[in-house]
Amino acid sequence: MKYGWLALGTAMLVAPAMAQTDRDAAREWRTYGHDKGGQRHSPLTQITPANAARLAPAWTWHMRPPGDPAAPAADANAERQAQAEGLAAPRRRARFAASQVTPLVVDGRMYLTTPYGRVVALDAASGRELWATPIPTAGQPSIRGLEYWPGDGEHGPRLFLGTRDGLLVALDAQTGAFAAGFGQQGMVELKTPEVLNGASPRFYGMTSPPIVFENLVITGSAVQEFPDKGAAGDVRAWDARTGQLVWTFHSVPRPGEPNHGTWSGGEAQRSGVNVWGFLTLDAARGIVYMPFAAPSWDRYGGDRKGDNLYSGSLVAADARTGKYLWHFQVIRHDIWDNDLQAPPLLLDMQVKGRTVPAVAVVSKNALLFVLDRVTGKPILPVAQRRFPGSQVPGEAAAPTQPYPLVTPPLGRTAFKPADLARLTPEHTAACQAWIDKDRLQPGGLYVPVPLDRPIISFPGTLGGANWGGATYDPARQLLLVNTMDFGQVQSLVRAKPGSPFPYERGPVFGRFVQSGTRLPCQAPPWGRLSAVDMRSGRIAWAVPLGVTDSLPEGKRQTGRPNIGGAISTAGGVTFIGATDDARFRAFATATGKLLWEVKLDAAAHATPITWAGPDGRQYVAIASSGGSFLDSPLTGDSLSVFALPPGEQ
């Protein structure tokens, strides 16, 4: 089966003339994606490929409060469990905690959440602290940031954020006080009976910011990955003034709702199928775009035969009412933890001489889909491609999966013995010994996890792409996305008596890396930054992203696993941290040439921002702490800000 249409002309996206208020907003960073459509593109032009090498530190601010005796959730496994299952992360004595925050800059103020239980406002020009509000909850504020609401005339501007233990918090943006009249003392309980399905309330929270549309705050959630029954992943909208629930979109359709009936069973009280990543908006059309994750449990689906909508789907709904508009399922019957989670990116394309509003979707599967954002129909052609069936008794993998026909995969999708890394004799020997000892079998895209036989899955459970997603430069018509080639070794075994599933994860499990090192076992690149020309859908360029410092000189340009996102600017520069080598980099958007890099105190598993200061300088900021699913060392707590030296603009 093949559907969609191609015949692209020159894909032009021309920015319309902006009113002064819109121009001022564009020079700042007022929402995670810079704009509600998630392009993460700034119109600022001061920093260019010609001068980016002269970027220098402007100021640094430390997230850990002075005198703080300990940092919460520094344990990587505890952090991973908290993020995956929506738990309030356990606390222990440690020096630093993990942050993936993208700050906001509004009217000269910078706002951010910290992993030390505080929301903070800074002077964006100097880093001077203006106010700090502790959040009185067992769960930390959202690890990836917060959202801004400009107010409505009767209510002043507010900041909205979720917590890991399931509260929606509203703060006065001017003072940091809890917003009067919103919920109970500025907080709304998200763990309501309607979504908990009788499950423990500790399995529900938020790790990413909500998104604001008009006077609504729209929230996703982080829920459990196992067991299968638990809190629902429904998306909900709340009144930004009062905190009252306005609408609910059921992530698993109920009887009488569109697309009910794609589960052979097991949909009642099903957990997963949640938006733990980022929502985006077509504000002019009043459409919210929701990227849904896999169902729980995401390695075996014998109890949920069928396509399992809306898991693995991009869903469009009326942002005012939550009414379903359309969906496109990227992963049918997900048994790989492939999750959609990156922000759906809105752009305009020229197709057969007319402008088509588009939305681009990337995910852990390393595939790029480009759809008409009004209808959900593919713009770049897609076919239903056959993939192997499952040999696990009781499982019924989908016989076909959607596969893009124009843009090739943006990351590794298979492994064979000839792909073994040959960087040093010791590394090659250790990886080969592991393959031989545990009889690891080659795996690939949509190859089901087998029973009692470990395979090497590519993409792995981290991707491909992850929550960082893509950025889009409309003038150069380039979509840029960072991906990693980080394989996963896994298998299923028969479960112990009393388990809710017939199978469980096998004992041979983990990243496909040499034990005791951070060296993946397959040949590089291990991470890359790619640019897709949206006039044709073809890859314009791809470069390794990151270096491996532990390798011998001359072999370090391997690319590195990365979590976080990139931003682009009208000056022709793309900025990105993300890699586990603790660097922050600038690339020429048009060519992929590395222009500048700086070593940070820790890996920057976050998305940077850029804005114009009152002194006329363009600033760029990134948070660095380490941590994340990559288990990068927790060695810092910095928000680092860079600019061209005074007088060199």
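1. P525 lies in the loop that runs between β34 and β35 (527-533). The bond before P525 deserves a look: P524 and P525 are joined by a cis peptide bond, with omega about 10°. The model is a predicted one, and the points below should be read with that in mind.

2. A second cis peptide bond leads from S296 to W297, where omega is near -10°. W297 sits in the loop between β19 and β20.

3. The chain as a whole comes next. It contains four helices and 43 strands. Its radius of gyration is 23 Å, close to the 26 Å given by the globule rule for 649 residues, so the chain is as compact as a globular protein of that length. Along the principal axes, the C-alpha atoms fill a box of roughly 65 × 60 × 60 Å.

4. How much of the chain is buried? Of its 649 residues, 65% count as buried. The accessible surface comes to about 22,200 Å², and carbon and sulfur atoms hold 53% of that. Among contacts with a separation of 6 or more, 63% are between residues 24 or more positions apart.

5. Strand β16 (residues 235-239) is a good place to study burial. Five of its five residues are buried, so the strand is largely enclosed by the rest of the structure. In a regular strand, side chains alternate between the two faces of the sheet. For β16, V235, A237 and D239 are on one side, R236 and W238 are on the other, and all of them are buried, so that both faces are covered.

6. Which strands pair with β16 in the antiparallel sense? One is β14 (residues 216-219), which pairs with β16 over four bridges; here T219 stands opposite R236. Another is β17 (residues 245-249), which runs antiparallel to β16 and is joined to it by four bridges. W238 has L245 of β17 as its bridge partner. β16 and β17 make a hairpin with five residues between them, and G243 in the turn has a positive phi of about 85°.

7. After β17 the chain enters the loop that leads to β18 (280-282), and R254 is in that loop. R254 has 37% relative accessibility and counts as partly exposed. Setting aside neighbours within four places in sequence, R254 is in contact with E194, D234 and H260. R254 and S271 are 17 residues apart along the chain, and their C-alpha atoms are separated by 14 Å.

8. G306 is placed in the loop between β19 (287-291) and β20 (313-318). With 33% relative accessibility, G306 is partly exposed. Not counting residues up to four places away in sequence, G306 touches T262 and H333. G306 and H333 are 27 residues apart in sequence, with 6.3 Å between their C-alpha atoms.

9. Helix α4 (residues 425-438) has 14 residues, and its first and last C-alpha atoms are 20 Å apart, close to the 20 Å expected at 1.5 Å a residue. Which residues of α4 are buried? They are H427, T428, C431, W434, I435 and D438. Seen down the helix axis, these buried residues fall within an arc of 130°, so they line one face of α4. P425, E426 and K437, on the other side, are exposed. The cover over the buried residues includes β28 (455-457), β31 (488-490) and β34 (510-511). R439 follows α4 and has a positive phi, near 55°.

10. Two further residues have a positive phi although neither is a glycine: H34, at about 70°, and D339, at about 30°. H34 is in the loop between α1 (20-26) and β2, and D339 is in the loop between β21 (324-329) and β22 (345-351). H34 is buried, with a relative accessible area of 12%. D339 is also buried, at 4% relative accessibility.

11. The last point concerns an open sheet of five strands in the order β2-β37-β38-β39-β40, with mixed pairing. Why do β2 (41-42) and β40 (594-599) each have one side without a neighbour in the sheet? Each stands at an edge and has a single partner strand, so one side is left without a neighbour. Within the sheet, β37 (residues 566-569) and β38 (residues 573-576) pair in the antiparallel sense over three bridges, with A566 opposite I576.

Notes. Residues are numbered from 1 along each chain as its sequence is written. This is a predicted model: local features need pLDDT of at least 70, side-chain atom pairs count only at pLDDT 80 or more; totals for chains, interfaces and linings use all residues. Side-chain values use heavy atoms; hydrogens and water are left out. Two strands pair if DSSP finds at least two bridges between them. Helices (H or I, at least four residues) and strands (E, at least two) are DSSP runs, numbered from the N terminus. The expected span of a helix is 1.5 Å times one less than its number of residues. Buried means under 20% relative accessible area, exposed over 50%, partly exposed in between (1.4 Å probe, protein chains only). The arc is that of the directions from the helix axis to the C-beta atoms. Contact means heavy atoms within 4.5 Å. The radius of gyration is taken over C-alpha atoms; the globule rule is 2.2 Å times the number of residues to the power 0.38. Accessible areas come from the Shrake-Rupley method with a 1.4 Å probe; for residues, only the protein chains shown count as cover.
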